[in-house]
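Me: I would like a close look at a single part of this model, with the surroundings described as far as they help. Please keep the account plain.

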There are 2 protein chains.
Amino acid sequence: MSIAVVGQSGGPTAAINATLAGVIAGAKSSCHIQRLLGMRHGILGILEDRYTDLFEAFPNGDALDLLSATPSAVLGSCRKKLPPPDEDAALYEEIFRRFEALDVSAFFYIGGNDSMDTVRKLYHYGREQGKPTAILGVPKTIDNDLYGTDHAPGYGSAAKYVATVMLEMARDAAVYPVQAVTIVEIMGRDAGWLTAASALARLGGAGPDLIYLPEVPFSMEGFLRDVRQVLARKASVLVAVSEGIRSATGRYIGDAMQSGAVDVFGHRYLAGVGRALESAVREEIGCKVRQVELNIPQRCAAHCASGVDIAEARQIGRATVEAFDQGATGVFLGFARREGAYAVDIHAHSVDEVAGRDRKVPLEWIAPAGNDILPPLMDYIRPLIQGEAPAFYRDGLPVHAVLETPGGLR
Amino acid sequence: MSIAVVGQSGGPTAAINATLAGVIAGAKSSCHIQRLLGMRHGILGILEDRYTDLFEAFPNGDALDLLSATPSAVLGSCRKKLPPPDEDAALYEEIFRRFEALDVSAFFYIGGNDSMDTVRKLYHYGREQGKPTAILGVPKTIDNDLYGTDHAPGYGSAAKYVATVMLEMARDAAVYPVQAVTIVEIMGRDAGWLTAASALARLGGAGPDLIYLPEVPFSMEGFLRDVRQVLARKASVLVAVSEGIRSATGRYIGDAMQSGAVDVFGHRYLAGVGRALESAVREEIGCKVRQVELNIPQRCAAHCASGVDIAEARQIGRATVEAFDQGATGVFLGFARREGAYAVDIHAHSVDEVAGRDRKVPLEWIAPAGNDILPPLMDYIRPLIQGEAPAFYRDGLPVHAVLETPGGLR
């Protein structure tokens, strides 16, 4: 019986608190964990001795349900990347010294690729130094680019939000009897999973006409040709584009805008790929055109979270504690999809598997012309947006779980 | 017993179809209306003989409930502004000729200020020419700037979306322990009602620290001073700003950006007020800063519609038909708020009352420093976002009502 610590790291999502709720529920049931401390702002919480007692903060199932419906990271997050141990052994020594002072038997870290890198480094350092603390990772990312899992918690909710607002914007965009192009810029710098989710709007009867993912080189000429072809058959053209599309030479399309545009102070700034495409359509085609960045709500629109995603996020949090109970360390857990009707199993993977690897959309799931996705990708995403996650409203607004000393500077 | 026509005009909202559902329900109950035709693309539908039989298209209560949950304008919309009759009498003659050919006893037009101008012109022309068709307006606008009504249908749902995502973004923005400014640009070029709604996020426990409405002259120096003051006490600063803020000399703040920025083709473009403020913070304060335009979802996020708004939108649609039944013409209907607990009455107003008038946020509801709103404005908006409008989901996505020959060019 001892203490476990848990932290959240990297960009927040609509599901990372549900994973935390799963870890808390798992820890409460564990006969190896007496107390669960939440590190504030990820690994910084260890270094600065900032913790919240999570059994006290979330004493019952209602509190965990509310936590699961709360966007962002209730413990606060960080972007700290650990240097290799040989560059700063003192830092590692300090972390494990604090683990020992607290008698920490397990360290659970919920995060994306960078956070799994932290897990991997801590695990190897601890093992080499004979430290007793088990080190486990729990995946999350809206980008869905984590290796070793069929999909990452957080992706399904982001995908549901993207598909929902794309459907609503498709309704909106079609309302006037004039030619108009609407370009929607979607998050995902290196992987097109979230941009691809815009296609699910078609299940609702309307959606993007053209979809561009970063996995395929982007050509402005090809794009303008595609738009003209759609305009020849319908008035309103809806385009979904990843923020990370690049030319055949690897140059970010958004950079063209960045280098050309200056603000009132004469400084260049990143205008983004949506504005680059908007300008191209205005200049070369000349019809009405506008761009929309879906922006931060993609990762925090808990009011539109996927029921499947939130349930799975809790499940994998709990399963990670169970893996610890069974002696696991140096692992992160991932989903494996079964054949047939949608269902997942949860498997543990060595953190070494994930190191330096990310997961892009397979080219065989992208239309050969590079301007749409193919049915197998729709089939892949579809189960992940099913169901509406429970939401709690008071005074017309969502209710969220909050902890004292919320995320600001301390 | 005769034919009535109904149209939707101006920018779509999450509630304009609920108003249409109210008109349909009212027309079905009316002993003066045999058939209700929906004009496609507003007044253009009359001129081009494009109608949909709405009793056939929406045969029962379930169909009307689905219509009420559908964003955008199911009949299509238009931005056509009628010229004064003395400039184009033939156009008016043509419209009424078509009314007479169809035996149209009532013309219902759902829209904002411009649409009420159309209603007023048609009413006066028809009266002067002794035409029998009754002409009635039904208000809608997310901007809430319509004169003659306590608030306009569509505003409450837009306000609920703005408050909801502001709350979610406030959670997201506070997650890292670093100084950061998030600037959120909200619709409403001349009136700050929708930007003010961002303050309701505070009911959920987090929200904007600073709010700038177009009713008060904006000073960049004052803004930077405000931001610095908030940064002195907390790390994450959330700013809500109307797209229409202007300097003391009346110049749009977004124009500063417009005139300074050029795209890859060397053309100037409107970068918007959010980017202007973002640049100023980056240049003058130097901390992490980003801007978010809430953009089109503000007016079409039916998945987050206000229960009060959708119910009232149906109610006023139905009441407009009842006013026609009682002999009204040349009127639009508006809400009057009762004293005490929230409740509204519906009153008819002459369309002449509204002509050329709009409704701005009263200065006494804005903080003297011009960087926040005051409690009476919170009290005004709060009842309008209450309740979650019924939503219908299939396959993880909202289900919408659609009509044949949807909004494209025909």
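What percentage of the interface residues of chain B are also interface residues in chain A, and through which surface do the copies meet? Please look closely at the side of chain B that touches chain A, and then at how the helices of chain B pack.

Reply: The model is predicted. As to the question, 100% of the interface residues of chain B are also interface residues in chain A, so the copies meet through the same surface. In numbers of residues, 71 of chain B are in contact with 71 of chain A.

Several elements of chain B give two or more residues to the side that touches chain A: helix 7 (155–173), helix 10 (253–260), helix 11 (273–284), strand 9 (288–293), helix 12 (297–300) and strand 13 (397–398). Helix 7 of chain B gives the most, with 9 residues. By residue class, this side of chain B divides into 39 nonpolar, 20 polar and 12 charged residues.

The arrangement of the two copies can be stated as one operation. A turn of 180° with a shift of 0.0 Å along the axis lays chain B on chain A, and the RMSD is 0.0 Å. That is the relation of a two-fold axis.

Helix 11 of chain B, one of the elements on the side that touches chain A, also packs against helix 9 (residues 220–231) of chain B, at an angle of about 65° and with the axes 11 Å apart. The crossing of helix 9 and helix 11 of chain B is right-handed. Helix 9 of chain B contributes Met220(B), Phe223(B), Leu224(B) and Val227(B) to this contact, and helix 11 of chain B contributes Leu277(B), Ala280(B), Val281(B) and Glu284(B). These residues divide into 7 nonpolar, no polar and 1 charged.

Helix 1 (residues 16–29) of chain B has its own packing partners. One of them is helix 13 (residues 307–325) of chain B: the two axes come within 7 Å and cross at roughly 40°. That makes helix 1 of chain B oblique to helix 13 of chain B, and their crossing is right-handed. Among the residues that make the contact are Ala18(B), Gly22(B) and Ala25(B) of helix 1 of chain B, and Ile310(B), Gly317(B) and Val321(B) of helix 13 of chain B. The contact residues of this pair divide into 10 nonpolar, 6 polar and 3 charged.

Another partner of helix 1 of chain B is helix 4 (residues 61–68) of chain B, packed at an angle of about 155° with the axes 7 Å apart. That makes helix 1 of chain B roughly antiparallel to helix 4 of chain B. The contact is made by Asn17(B), Ala18(B), Leu20(B), Ala21(B), Ile24(B) and Ala25(B) on helix 1 of chain B, and by Leu64(B), Leu67(B) and Ser68(B) on helix 4 of chain B. This contact divides into 7 nonpolar, 2 polar and no charged residues. Ala18(B) and Ala25(B) take part in the contact with helix 4 of chain B and also in the contact with helix 13 of chain B.

For the wider setting, chain A is divided into domain 1 (2–154 + 301–356 + 387–398) and domain 2 (157–300). The C-alpha centres of these domains of chain A lie 33 Å apart. Their contact takes 19 residues from domain 1 of chain A and 15 residues from domain 2 of chain A. On the side of domain 1 of chain A that touches domain 2 of chain A, the residues divide into 10 nonpolar, 6 polar and 3 charged.

Terms used: Residues numbered from 1 in each chain as written. Chains lettered and ligands numbered in written order. Predicted model: local features only at pLDDT ≥ 70, side-chain atom pairs only at ≥ 80, totals over all residues. Contact = placed C-beta atoms within 7 Å. Helix = DSSP H or I, 4+ residues; strand = E, 2+ residues; numbered from the N terminus. Nonpolar A, V, L, I, M, F, W, Y, C, P; charged D, E, K, R; others polar. Least-squares fit on C-alpha atoms with pLDDT ≥ 70 in both. Axes fitted to C-alpha atoms, helices over the stretch in contact; angles between N-to-C directions. Parallel < 35°, antiparallel > 145°, perpendicular 65-115°, else oblique. Left-handed = near helix turned anticlockwise from the far one by under 90°. Domains from an automatic or database assignment.
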